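Reader: I should be grateful for a close look at a single part of this protein, set in the context of the whole chain. Please give the cut-offs behind each term as you proceed.

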Amino acid sequence: MIFRHSIFLLSLLALLLFCSVAKAHQRSGNGPHTGIAIAEISHGEMIMFAEYRDRIIGLAARATDTTEPFRRVLNYAQIQHAYCLWGKMPGGVTDEASPFNECSHAYLAATKAVLLSMRSMGGEAVEAEAIVSAIDAGMVLRGLALITCEFSGEAFNTADIVRPSWSAVPRHPASLATLTALAAALLAALYGGRRLLRRIAP
């Protein structure tokens, strides 16, 4: 019990120290953008695109007749997805207050741009149109079309990486609990590994 309590305190301390030195609004780009502009995505659209993301990216990855701008936007979508912890944070897509909501907007806006680009590709057009139709129908059925949030009007650029707002993590209970649990699990695994190595050491 004491060990678990210590792990929790150490994890929480490490997380808070990290958040204290991180910037609230983290962007990598400064000055004029030299990348490719990506149109905004609404909060309602995000919910549907998050559900279809794997199918969209899978289709795009198989495409052969591509252009450099298409590949750059696809690469940006994948990089942003990784920066946003692969969309695994609770409320990252649905909760406007989440420290991961803006970066979720970024990778899903890029995913949307990739899908719309494939509508004009010979080999991918039919499936791309089917996905677009499914997303449109889902938005109507679930009443998502008019749902907006703080970042709904924000455009993005492939030259500008959007990182999570780490300094806001302590104020978002779901994110704080998830990251603390992850840190505790990693520390526990490290501790268990060290004990195992000591036992088998000659």
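## Helix packing and the α3–α4 region

Author: Helices α2 and α5 (residues 125–141) pack with their axes 10 Å apart, at an angle of about 170°. Here the axes are lines fitted to C-alpha atoms, for helices over the stretch in contact, and angles run from 0 to 180 degrees between N-to-C directions. α2 is therefore roughly antiparallel to α5, a label given to angles over 145 degrees, while those under 35 count as roughly parallel, 65 to 115 as roughly perpendicular and the rest as oblique. On the α2 side, the residues making the contact include Met48, Phe49, Tyr52 and Ile56; on the α5 side, they include Ala130, Ile131, Ala134 and Ile135. Contact means heavy atoms within 4.5 Å.

The model is a predicted one, in which local features need pLDDT of at least 70, side-chain atom pairs count only at pLDDT 80 or more, and totals for chains, interfaces and linings use all residues. Residues are numbered from 1 along each chain as its sequence is written, and side-chain values use heavy atoms, with hydrogens and water left out.

The protein has six helices and two strands, arranged from the N terminus as α-β-α-α-α-α-β-α. Helices (H or I, at least four residues) and strands (E, at least two) are DSSP runs, numbered from the N terminus. Of the contacts in the protein with a separation of 6 or more, 83% are between residues 24 or more positions apart. Buried residues make up 43% of the 202 residues; buried means under 20% relative accessible area, exposed over 50% and partly exposed in between, with a 1.4 Å probe and protein chains only.

The part chosen for close inspection is α3, together with the loop and helix after it. The 16 residues of α3 should span 22 Å at 1.5 Å a residue, and the end C-alpha atoms of α3 are indeed 22 Å apart. The expected span is 1.5 Å times one less than the number of residues. Phe70, Val73, Leu74, Tyr76, Ala77, Gln80 and His81 are the buried residues of α3. Down the helix axis they fall within an arc of 155°, so they line one face of α3; the arc is that of the directions from the helix axis to the C-beta atoms. An α-helix has 3.6 residues a turn, so residues three or four places apart point the same way. The buried residues of α3 pack against β1 (37–38), α2 (43–62), α4 and β2 (156–157).

In the loop between α3 and α4, a disulfide begins. Cys84 and Cys103 form this link, with their sulfur atoms 2.2 Å apart; a disulfide is a pair of cysteine sulfur atoms within 2.5 Å. The pair links distant parts of the chain, as Cys84 lies in the loop between α3 (68–83) and α4 (101–118), and Cys103, 19 residues apart from it, lies in α4. With 65° about the S-S bond, the link is right-handed. Both cysteines are buried.

Most residues other than glycine have a negative phi. Leu85 nevertheless has a positive phi of about 55°, and Trp86 also has a positive phi of about 55°. Leu85 counts as partly exposed at 22% relative accessibility, whereas Trp86 is exposed at 53%.

Of the 18 residues of α4, 15 are buried, so α4 is largely enclosed by the rest of the structure.
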